[in-house]
Amino acid sequence: MTRTRLDYAGAQIAGKRPYQEDAFAFRTFEGEQEALTGLLADGMGGHAAGDVAATISINAFADAIDWRSGLANDQFLRALDQANRAILRKTREEPDKAGMGCTFVAVEVANGACNWISIGDSPLFHISGTEIARINADHSMAKQLDAAAARGEITVEEARSSSSRNVLLSALTGEPISRVDQSKTPRPLKKDDWIILASDGIETLEPEELMMLVSRNRSVRAEAMCRLLLDAVDALDKPGQDNATVLAIRVLSAETESPRPDDEIITRPIRSPG
């Protein structure tokens, strides 16, 4: 049996914000197949609370998983509940942090497939060949606004610039969770596929731009891929750029070719000036 191997890394930038509210972590299980879980939380509530909510949720979720089992995804729903309860306990202990919360995404890659659980608007992408798919649900007003634009009720520009676009319909706040997205069946992966997990700050890049950057550089190391995507966000110099965090996971085979050295990264512009 060919043993699945993975290359993975995570990185983040503050953007135009004076503080970082995103948190992330990786957990691994070594068995006949390598199992990797990536965790990401995007805090809300300002510097005094958003970063706290994100960190608490990551730690509580990870503590609730028995990482010796090799199948963390079977425990995801219970762990998400524990993360939510941890935020509630913190707000009761420190009332000044009332109203804090975060988005949360966990993705497990194992046995040639991935499973996930998510709440909020942090995107999870699967890039295979020249195709990109967001595979988790978007629990924000963005999807509804885009649908309204598709129906002709508002313009595309109105949908993209709406002040309610990033309003969350579900998040970890310590209150009952209204919406959770969890994979029903494992999503198959193949050699050289990429899983990109990110906070919504990455959406400064259009999905097609993200796909082209990954596709053109699909053989680089995961660490270089994170830097490449975050550099592309930085280069656009968007006013008010949010924190952006990227977790990149590449599926390798036992006989995969050596990653290209970093100085071979392709950084040709893919967005027309202006």
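This text walks through the nonpolar cores of a predicted model and then through two aspartates with unusual backbone angles.

In soluble globular proteins, nonpolar side chains tend to be buried together. Here the largest nonpolar core holds 29 residues. Within this core, the residues with the most contacts are Leu39, Phe61, Phe104 and Leu172. Two or more residues each come from the strands β2 (22-30), β3 (34-44), β4 (101-110) and β5 (113-119), and from the helices α1 (50-63) and α2 (76-93). The largest share belongs to α1, which gives seven residues.

Phe104 shows how these parts meet. Leaving aside residues up to four places away in sequence, Phe104 touches Leu39, Leu40 and Ala41. Its partners also include Ser57, Ile58 and Phe61, as well as Leu80. The list is completed by Ile117, Ser118, Ile119 and Leu172. Apart from the largest core lies another, made of 26 residues, with Ile196, Ala198, Val214 and Leu230 among them.

The backbone offers two further points to inspect. Most residues other than glycine have a negative phi. Asp192 has a positive phi, near 75 degrees, and sits in the loop joining β9 (187-188) to β10 (194-198). Is Asp192 buried or exposed? Its relative accessibility is 14%, and because buried means under 20%, Asp192 counts as buried.

Asp237 also has a positive phi, near 50 degrees. Asp237 is placed in the loop between α6 (222-236) and β11 (244-252). With a relative accessibility of 47%, Asp237 falls between the cut-offs of 20% and 50% and therefore counts as partly exposed.

How values were computed: Residues numbered from 1 in each chain as written. Predicted model: local features only at pLDDT ≥ 70, side-chain atom pairs only at ≥ 80, totals over all residues. Heavy atoms only, no water. Core = buried A, V, L, I, M, F, W, Y, C linked by side-chain atoms within 4.5 Å. Buried < 20%, exposed > 50% of the residue type's maximum accessible area, 1.4 Å probe, protein only. Helix = DSSP H or I, 4+ residues; strand = E, 2+ residues; numbered from the N terminus. Contact = heavy atoms within 4.5 Å.
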